[in-house]
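Dear colleague,

Please find below the structure I am handing over to you. My notes on it follow.

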Amino acid sequence: MGWTVTHKTPGTSVRSFFENQFNTDWPDGRVGRVIDCATFLHEAYIAFEQIYPDGRREVGAVVCLLKRWGDPYYNFGYKDMSEDMGPSACNCPERILNLLTPTDNKTSLEWRERCWQNVERRRNGVSLHKGLVIRFDNTIPFCGGIRENTFLAVEPKRLYFSNVSGTRHFRLRRQTLRQEPWQVVNS
């Protein structure tokens, strides 16, 4: 579950790169193909199709965290995870989610639900503004054993929040806002 660091020719699209990395014909007769790829910040979301010898077809998601490396040749790194590994990155766009075939894998279903929540949040245009109160589904841990799940936006551009009573102040990480499910309590 580590990083793969390799060469990516300048100008090669992320999709083309992963098609070259992941498209394969297995000895058991299965065929695997990247059918779509979307990037979001330093994340790539891939719809990966497997066709079995009996004609059965499955499409699952592969999430790749992306990183540029400073080496002139080994200039590109990625960490790939299948959706059934429950990746924390859950900004998969709707167009990729719509390509996935049904699954009964609990971890995959939970990951897909987190992605759909983010799609809905983007679709509804929820933006942070001063005075907005948001509630996370889970508590967020902070130093000193403090855990909170409801926050009042104090300086949203700098991600400064307080608890609702205003007695404690917090700075949330963008990653927390992107990956943890939350709802607007008041606008």
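Is Arg15 buried, partly exposed or exposed? The model is a predicted one, and in it Arg15 counts as partly exposed, at 32% relative accessibility. Arg15 forms a salt bridge with Glu19, with 2.9 Å between the closest N and O atoms. Both residues belong to helix α1 (residues 14-22), and because they are four residues apart there, about one helical turn separates them. Glu19 is likewise partly exposed, its relative accessible area being 24%.

A search of the whole structure yields 13 salt bridges. One of them joins Arg95 to Asp36, again with the closest N and O atoms 2.9 Å apart. Since Arg95 lies in helix α2 and Asp36 in strand β3 (residues 31-40), this pair ties together parts that are 59 residues apart in sequence. Arg95 is partly exposed at 44%, whereas Asp36 is buried at 13%. Arg15, Glu19, Asp36 and Arg95 are linked in a network of salt bridges.

Arg123 forms a salt bridge with Glu94, where the closest N and O atoms are 2.5 Å apart. Arg123 is in helix α3 and Glu94 in helix α2, so that distant parts of the chain, 29 residues apart, are linked.

Turning to the interior, the largest nonpolar core has 15 residues, of which Tyr45, Cys92, Leu97, Leu100, Trp111 and Cys115 touch the most other members. At least two residues of this core come from each of β4 (43-51), β5 (57-68), α2 (94-97) and α3 (106-123). A second, separate core of 14 residues includes Phe17, Phe22, Phe48 and Cys64.

With kind regards

Note on methods. Residues numbered from 1 in each chain as written. Predicted model: local features only at pLDDT ≥ 70, side-chain atom pairs only at ≥ 80, totals over all residues. Heavy atoms only, no water. Core = buried A, V, L, I, M, F, W, Y, C linked by side-chain atoms within 4.5 Å. Buried < 20%, exposed > 50% of the residue type's maximum accessible area, 1.4 Å probe, protein only. Salt bridge = Lys/Arg side-chain N within 4 Å of Asp/Glu carboxyl O.
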